[in-house]
Amino acid sequence: MKLQLQKKKKAKEKDGTLYSTRNLKLPKGGNMEEYLEHGFLTIGNQFHFPINGQFIEGTDWKFEPLFQIMGDKENKRLAEITNTANQKKIIEFDSEILSSFGEFRRFLFKLNGFLFYTDNGIKTEHFDRFVRRYNRQFQPASELLTMGQNPKNFYAFANGVYWQDKFRPVNKFGIMNLKGIDTSDGEYNEKIDNYYSPAFSVMHKDNQVGDDKYENDRYFVYKESPITLNDWMDKMQLVFDEKGIFGILFNFGALFRDLFITHYSSFPLLGGFGETGSGKSAFGEIIQNFFYYRMAGVDLTQATSSGLSKTLTRTTNTVVFCDEFQDKTIKPDLANLVMGGWNGNGRVKSKDVGSTRTTVEKIMTAIYYCGQFLPTYMDGGLANRTMSLYFQKTEKRTSEEKENFTDLLNVTNEGISSLTSEILQYRAYFSKNLPRTFAESERSLKALLKEEQYDDRVFKNTTMIHTTYMILKEKIKFPFTEETLNKLCANLIIENSEQIRDTSALTEFWSILTFLFESNKIKDHLHFRIDKNTDFKVQGEKRTQFTHKNENNDQILYLRLNAVYQLYNKEATTREGVDVIGISTIRNYLHSTKEFIGLIKGKRFGKAGSPSCYAINYTALKSKGLLNLIEDNSLYEKEKGEAVAAEPQLAAQSANKPQGEEPDDLPF
């Protein structure tokens with residue numbers, strides 16, 4: 001032992017870090033090797049420092065370093081500290097306070113019961129010895145700044161991670177050791193195999209409500225499901241029928257959302273619309289809580305843009321439910337965040353205070369949102385990023401239907417997030433097959449749609465959901481067939497495309513034209529005319545002409561757009577909440593509709609001569625309830641005929657009425 005100490009002493013003398021032992025008596029329980037190594041002693045639950053030739057009590061606690069949470073913005077240390085009353089605490093503090101004796105003392109003072117004995121002469125030089133001893137003894141770790149899919153190829157919950165086909169829970173410190181996960185190699189690289197989830201560290205388990213910044217993280221936990229994945233899919237389809245199929249595939253696709261974003265720069269939003277009590281909100285909570293544990297949806301009437309942004313950027317490859325989307329009253333910054341979920345673009349903010357650099361908060365999660373009415377926000381910009389499902393209210397549900405819904409809700413509330421692992425295990429397979437299968441799904445759906453017109457974004461959105469099925473069908477037994485899904489996808493593309501056209505600014509344009517006609521501000525054979533021409537010439541692209549064959553004998557609207565635009569503009573500016581669209585934009589919108597036929601070089605309009613105009617299928621517009629430019633006098637003529645026929649009978653009744661009796665023409 002003496003020989004070892006002498007060797008250590010010589011080594012210290014050589015590198016210049018020798019702590020003097022001259023006239024220094026080692027106290028009972030002290031270890032000379034510890035002193036020579038670090039310049040102070042640990043005796044019991046205290047540190048003793050040499051002052052004026054003797055060891056003095058310097059603290060009323062001892063210290064055990066645990067982890068250093070690496071990061072540029074937040075760099076923290078975790079340690080275990082035990083005082084002379086045997087009270088233990090796991091402490092978390094900013095790394096930078098180890099550079100200041102005063103700051104570290106103030107930090108300890110807040111803990112109540114942990115002190116440096118400055119009255120014994122403990123100074124900065126003693127604190128420096130403490131720092132020198134422990135600074136490099138912390139194991140490096142990375143904090144899980146976002147949950148869900150991680151770039152290191154694991155899926156992180158707040159209480160553990162799914163990695164290499166196995167769930168690995170946090171320890172009492174909130175740490176998960178994933179040995180071997182860091183395969184990077186380099187001269188300046190520090191390998192990190194530890195990951196930190198503060199929400200499930202013992203130091204935060206007793207945080208009080210209102211003072212718990214990890215409260216929402218605790219909803220995103222791994223819970224062992226009481227049912228199998230196939231049972232869950234069966235229940236979803238049983239309760240929600242066709243919408244259940246889309247809910248299943250939306251959730252599965254969301255688990256690989258980052259792959260879709262990488263390849264195609266977007267992933268669809270899912271929307272549910274229908275009257276109160278139709279089941280759209282319950283649907284939202286159920287598909288969200290496939291990932292979470294009993295988390296309520298975000299109420300968009302109460303949310304702030306900052307709060308919603310943090311919710312949408314906190315997890316990757318999950319589904320977040322946004323409730324109460326009201327087109328007319330929603331704050332634009334909230335609506336923009338929901339819409340940004342399609343391609344992941346969130347708020348633009350400054351990198352640092354006073355900095356001219358900016359960063360975009362990336363939205364990492366898939367979004368399901370719902371409201372009573374289909375969205376018209378940004379002139380259909382939100383709608384064509386959304387796969388819209390219509391929920392119909394059922395006045396009387398059977399007892400069996402109620403039981404099925406309650407069963408699904410109860411199972412969901414028990415926690416089913418472990419089911420995600422049954423999909424996540426196929427991530428490598430999904431990634432490998434995505435490009436090829438997406439192209440195949442595109443071809444299949446286009447073949448089904450044939451000559452149907454559709455919105456390109458709506459088609460792309462639905463193709464992604466179809467692709468999800470086509471990849472996973474080799475690995476998972478779905479409770480529905482490919483044929484069923486093909487029909488559902490084709491119908492959804494057609495219906496959503498029509499809904500977007502019907503709820504766009506062009507719909508408002510047709511509505512205003514109807515009003516102008518009913519108020520006699522636009523007139524037949526002056527601003528427009530409606531005929532049933534069989535064949536007529538239309539000017540196509542590059543001024544080429546072709547003959548349009550009106551095989552169904554439809555009514556054709558010939559519209560002088562320039563003549564009616566000023567009247568439309570004047571009326572639209574008086575209406576609250578209506579955006580006036582320019583004439584060139586209206587032309588573009590008309591060209592994109594199924595009802596548009598083409599430009600007519602010249603058409604007779606009475607006194608207006610033969611100006612050019614647009615030919616539009618009036619029968620199709622009328623059948624959709626978009627436009628009415630024909631006076632309907634049928635009811636008036638019927639009532640007039642009935643009145644004439646009844647005149648002799650009324651005259652006879654009047655002749656037989658007693659004298660002095662008042663005619664009965666009052667409503668009471």
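1. A disulfide is a pair of cysteine sulfur atoms within 2.5 Å. By that criterion, the structure, which is a predicted model, holds zero disulfides. Two of its cysteines may be noted here: Cys489 counts as buried because its relative accessibility is 0%, and Cys613 is likewise classed as buried, at 2%.

2. The first sheet to consider is an open one of five strands, in the order 15-17-20-14-21, and its pairing is parallel. Strand 15 (298-299) and strand 21 (386-390) form the edges, each pairing on one side only. Strand 14 (residues 269-273) is joined to strand 21 by five bridges in the parallel sense. Within this part of the sheet, Gly271 stands opposite Ser388 of strand 21.

3. Helix 5 lies across four strands, namely strand 14, strand 17 (319-323), strand 20 (366-371) and strand 21. Relative to strand 21, helix 5 runs at about 155°. Angles over 145 degrees count as roughly antiparallel, so helix 5 and strand 21, at about 155°, fall in that class.

4. Helix 5 spans residues 229-254 and includes Gly244. Is Gly244 buried or exposed? Gly244 is buried, since its relative accessibility is 0% and the limit for that class is under 20%. With neighbours within four places in sequence set aside, Gly244 is in contact with Met236 and Phe283. The C-alpha atoms of Gly244 and Met233 are 8.1 Å apart, with a sequence separation of eleven residues.

5. A further open sheet of five strands has the order 11-10-9-8-16, and here the pairing is mixed. Its edge strands are strand 11 (166-169) and strand 16 (315-316), each of which pairs on one side only. At the strand 16 edge, strand 8 (residues 147-149) runs parallel to strand 16 and is joined to it by two bridges. The bridge partner of Gly148 in strand 16 is Thr316.

6. At the other edge of that sheet, strand 11 pairs with strand 10 (residues 160-163) in the antiparallel sense, over four bridges. Gly160 has Pro169 of strand 11 as its bridge partner. Strand 10 and strand 11 form a hairpin with two residues between the strands. In this hairpin, Gln164 takes a positive phi near 50°.

7. Two packed helices are described by the angle between their axes and the distance between the axes. How do helix 15 and helix 17 cross, and at roughly what angle? The axes of helix 15 (residues 505-518) and helix 17 (residues 583-591) come within 10 Å and cross at roughly 105°. The two helices are therefore roughly perpendicular to each other. Helix 15 contributes Ala505, Leu506, Phe509 and Trp510 to the contact, while helix 17 contributes Ile586, Tyr589 and Leu590. By class, this contact has seven nonpolar residues, with no polar and no charged ones.

8. Phe55 is found in strand 3 (residues 54-57). Its relative accessible area is 10%, so Phe55 is buried. Apart from neighbours within four places in sequence, the residues in contact with Phe55 are Leu24, Lys25, Leu26, Pro27, Tyr35, Leu41, His48, Phe49 and Pro50. One of these, Lys25, is 30 residues from Phe55 in sequence, yet the two C-alpha atoms are 7.7 Å apart in space.

Conventions: Residues numbered from 1 in each chain as written. Predicted model: local features only at pLDDT ≥ 70, side-chain atom pairs only at ≥ 80, totals over all residues. Heavy atoms only, no water. Axes fitted to C-alpha atoms, helices over the stretch in contact; angles between N-to-C directions. Parallel < 35°, antiparallel > 145°, perpendicular 65-115°, else oblique. Contact = heavy atoms within 4.5 Å. Nonpolar A, V, L, I, M, F, W, Y, C, P; charged D, E, K, R; others polar. Pairing = 2+ DSSP bridges. Buried < 20%, exposed > 50% of the residue type's maximum accessible area, 1.4 Å probe, protein only.
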